[in-house]
Amino acid sequence: MKLKSTHGILLSYYIAVAQGKRSYMEDMYCVSELEHKQVMFAVFDGHGGQCASQYCAANLTSVCNNVLTKRRSTSASGLHRYKLTKAEIDAVFMKLDEDVCHECPSHCGTTALIMLIDEHNLYFANCGDSMAIVIDTKGNVHTVSEEHKVENEKARLEAAGALITYDDGMARIFRQLNLARALGDAQLKEYVISDPYQQSFPLKKAQKVVLASDGLWDVFTPYELGAAISEYEIKYGTSSESLSKLPAWLINKAIHEHGSSDNVTVIVVQLG
């Protein structure tokens, strides 16, 4: 178990990763506290090699610290606060995309899922199919990310001139990538955009967050995952020791019970 404190708010987080049935591992993650006590969690699922996901995991903290404008506002108590804006998070994704296109082979790319926490909100941003859910204090499940498969953005891609193929039954761009949004993929950059979907959630209403690569979401819907977590907590309890084993338990179910064949990364963040 690991602990972080942001603006006096205690949280714990637990992580598990598995190569699954793949002969290689392209999932990467990052956990960091930024310069002004904003805590950040991220999951990257690479394709075409590890270069893009490794680069993003290694450099996300510095990119955030350099790009995020520390906008100050003064509260009634006179304390300085730092607020995140949509434009700032867009700029983080744009900078990572530019760097990956420069640093990695043209066929290499990665999904990106980032959660930032300040004193009031959880901020989520993603491109690709690594996604997150929030379980609120009443046990309700909230989807806070968006899946960007080729099929979901077919009209935009075809309008840009992309050929959508289905040779293996999956919609792909020119028989290659099955994602409409990602970081990198320089040879397809005319079609594959890095614009993130963004959503925020009130910190005080959140109990638990799950961030994961598509190896988990390929076999669980958000609500099925919420039910699985509820099942686990009823059976094993909610102590820190029990929760520390939850990510590995979810991965085991994904691979061995539901047949996921992909790499799987799961981060569970317990709030309050």
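Two rings of Phe, Tyr or Trp are taken as a pair if their centres lie within 6.5 Å, with planes over 60 degrees apart counted as edge-to-face and those under 30 degrees as stacked. In the predicted model analysed here, four aromatic pairs are found. One of them joins Tyr13 and Phe41, whose ring centres are 5.2 Å apart and whose planes stand at 75°, so that the arrangement is edge-to-face. Because Tyr13 belongs to strand β2 (residues 9-18) and Phe41 to strand β4 (residues 39-47), this pair ties together parts that are 28 residues apart in sequence. Both Tyr13 and Phe41 are buried.

The pair formed by Phe174 and Tyr191 has its ring centres 5.5 Å apart and its planes at 55°, and is therefore tilted. Phe174 is placed in the loop between β13 (172-173) and β14 (183-184), and Tyr191 in the loop between β14 and β15 (197-202), so the pair ties together parts that are 17 residues apart in sequence. The two partners differ in their exposure: Phe174 is partly exposed, with a relative accessible area of 30%, whereas Tyr191, at 11%, is buried. Ring pairs also link Tyr232, Tyr236 and Trp249 into a cluster.

In soluble globular proteins, nonpolar side chains tend to be buried together. The largest nonpolar core of the model comprises 29 residues, of which Met40, Leu60, Val92, Phe93, Ile114 and Leu116 touch the most other members. At least two residues of this core are supplied by each of β3 (27-33), β4, α1 (51-67), α2, β8 (112-117) and β9 (121-127), and the greatest contribution, seven residues, is that of α1. When neighbours within four places in sequence are left aside, the contacts of Ile114 are with Met40, Phe41, Ala42, Leu60, Val92, Phe93, Tyr123, Phe124 and Ala125. A second, separate core contains 27 residues, among them Met131, Val141, Leu243 and Val264.

Helix α2 (residues 86-103), with 18 residues, reaches 26 Å from its first C-alpha to its last, close to the 26 Å expected at 1.5 Å a residue. Its buried residues are Glu88, Ile89, Val92, Phe93, Leu96, Asp97, Asp99 and Val100, and two of these, Val92 and Phe93, are also listed among the core residues that touch the most other members.

For the twelve residues of helix α7 (residues 246-257), a span of 16 Å is expected at 1.5 Å a residue, and the end C-alpha atoms, 15 Å apart, agree with this value. Within α7, Leu246, Pro247, Trp249, Leu250, Ile251, Lys253, Ala254 and Ile255 are buried, and Trp249 also takes part in the aromatic cluster with Tyr232 and Tyr236. The elements that cover the buried residues of α7 include β2, β16 (206-212), α4 (214-217), α5 (222-236), α6 (240-244) and β17 (264-271). Just after the helix, Gly259 adopts a positive phi of about 80°.

Strand β16, one of the elements covering α7, is itself mostly covered, with six of its seven residues buried. An antiparallel pairing over six bridges connects β16 with strand β10 (residues 131-136), in which Val134 has Val209 of β16 as its bridge partner. Strand β16 also pairs with β17 in the antiparallel sense, here over five bridges, and Val210 stands opposite Val268 in β17.

Technical notes
Residues numbered from 1 in each chain as written. Predicted model: local features only at pLDDT ≥ 70, side-chain atom pairs only at ≥ 80, totals over all residues. Heavy atoms only, no water. Phe/Tyr/Trp six-rings, centres within 6.5 Å; stacked < 30°, edge-to-face > 60°. Helix = DSSP H or I, 4+ residues; strand = E, 2+ residues; numbered from the N terminus. Buried < 20%, exposed > 50% of the residue type's maximum accessible area, 1.4 Å probe, protein only. Expected span 1.5 Å × (residues − 1). Core = buried A, V, L, I, M, F, W, Y, C linked by side-chain atoms within 4.5 Å. Contact = heavy atoms within 4.5 Å. Pairing = 2+ DSSP bridges.
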